[in-house]
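Here is a short set of exercises to work through with the model open beside you. Try each task before you read its solution.

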Amino acid sequence: DIPPREVERIEGLIGHVAGMKDAKFVRNGKEYDAATAAKFLRGKWEARADEVKTATDFIEKIASASSTSGKPYLVRFKNGKEVECGDYLKEKLAEFEK
């Protein structure tokens, strides 16, 4: 079982992703909108729930890279800048804690 505080933190990250209307999410070379990316992350979390005990586990095991190809997930911002999704979500998680 995941502690309620960790579930809240993971839900916060998924909610943040869902709200990123000006960003695209790149998975295995294909671009997705924010709502699709959030739905995908939630589904992957549900499928691999036994591996996730903390928000950090969620970022590292679910939201950082494709379990199929090993390629990192990317966030592509409106200005064209790309960052690795795992790094971006680690920053967001740190901001939640402030």
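At 36% relative accessibility, Asn-28 counts as partly exposed, because buried means under 20% relative accessible area, exposed over 50%, and partly exposed in between (1.4 Å probe, protein chains only). Asn-28 sits in the loop between β1 (24-27) and β2, and its phi is near 50°, a positive value in a residue other than glycine. Helices (H or I, at least four residues) and strands (E, at least two) are DSSP runs, numbered from the N terminus.

Before you start, note that this is a predicted model, in which local features need pLDDT of at least 70, side-chain atom pairs count only at pLDDT 80 or more, and totals for chains, interfaces and linings use all residues. Residues are numbered from 1 along each chain as its sequence is written, and side-chain values use heavy atoms, with hydrogens and water left out.

**Exercise 1. The core**

Find which residues touch the most other members of the largest nonpolar core, and which helices supply it.

Solution.
- Step 1: Start from the term: a nonpolar core is a set of buried Ala, Val, Leu, Ile, Met, Phe, Trp, Tyr and Cys residues joined through side-chain atoms within 4.5 Å.
- Step 2: The largest such core has 24 residues, and Phe-25, Phe-58 and Leu-89 touch the most other members.
- Step 3: At least two residues of this core come from each of α1 (4-18), α2 (34-47), α3 (55-62) and α4 (85-96). The largest share, 5 residues, is that of α2.
- Step 4: Now zoom in on Phe-58. Leaving aside neighbours within four places in sequence, Phe-58 is in contact (heavy atoms within 4.5 Å) with Ile-10, Leu-13, Ile-14, Leu-41, Trp-45, Val-52 and Ala-63.

As background, in soluble globular proteins nonpolar side chains tend to be buried together.

**Exercise 2. Helix α3 and its partners**

Describe how α3 packs against α2 and against α4.

Solution.
- Step 1: Two packed helices are described by the angle between their axes and the distance between the axes. Axes are lines fitted to C-alpha atoms, for helices over the stretch in contact, and angles run from 0 to 180 degrees between N-to-C directions.
- Step 2: For α2 and α3, the angle is about 105° and the axes are 11 Å apart. The two are therefore roughly perpendicular (angles under 35 degrees count as roughly parallel, over 145 as roughly antiparallel, 65 to 115 as roughly perpendicular and the rest as oblique).
- Step 3: In this contact, α2 uses Leu-41, Lys-44 and Trp-45, while α3 uses Phe-58, Lys-61 and Ile-62.
- Step 4: For α3 and α4, the axes come within 9 Å and cross at roughly 170°. This pair is therefore roughly antiparallel.
- Step 5: Here Ala-55, Thr-56, Ile-59 and Glu-60 in α3 meet Gly-86, Leu-89, Lys-90 and Leu-93 in α4.

**Exercise 3. What is buried in α3?**

List the buried residues of α3, name what covers them, and then follow Ala-55 outward.

Solution.
- Step 1: The buried residues of α3 are Ala-55, Asp-57, Phe-58, Ile-59 and Ile-62.
- Step 2: Their cover includes α1, α2 and α4.
- Step 3: Ala-55 has 0% relative accessibility and so counts as buried.
- Step 4: Beyond its neighbours within four places in sequence, Ala-55 is in contact with Glu-6, Arg-9, Ile-10, Leu-13 and Leu-93.
- Step 5: The C-alpha atoms of Ala-55 and Ile-2 are separated by 9.5 Å, although these residues are 53 residues apart along the chain.

**Exercise 4. Salt bridges**

How many salt bridges are there in the whole structure, and which parts of the chain does the Arg-9 and Glu-97 pair link?

Solution.
- Step 1: A search finds 9 salt bridges (a side-chain nitrogen of Lys or Arg within 4 Å of a carboxyl oxygen of Asp or Glu).
- Step 2: Arg-9 and Glu-97 meet at 2.9 Å, N to O. Arg-9 is in helix α1 and Glu-97 in the segment after α4, 88 residues apart.
- Step 3: Compare the two ends: Arg-9 is buried at 15% relative accessibility, whereas Glu-97 is partly exposed at 41%.
- Step 4: This pair belongs to a network of salt bridges that links Arg-5, Glu-6, Glu-8, Arg-9 and Glu-97.
- Step 5: Arg-76 also forms a salt bridge with Glu-31, with the closest N and O atoms 2.3 Å apart. That pair joins strand β3 (residues 74-76) to strand β2 (residues 30-32).
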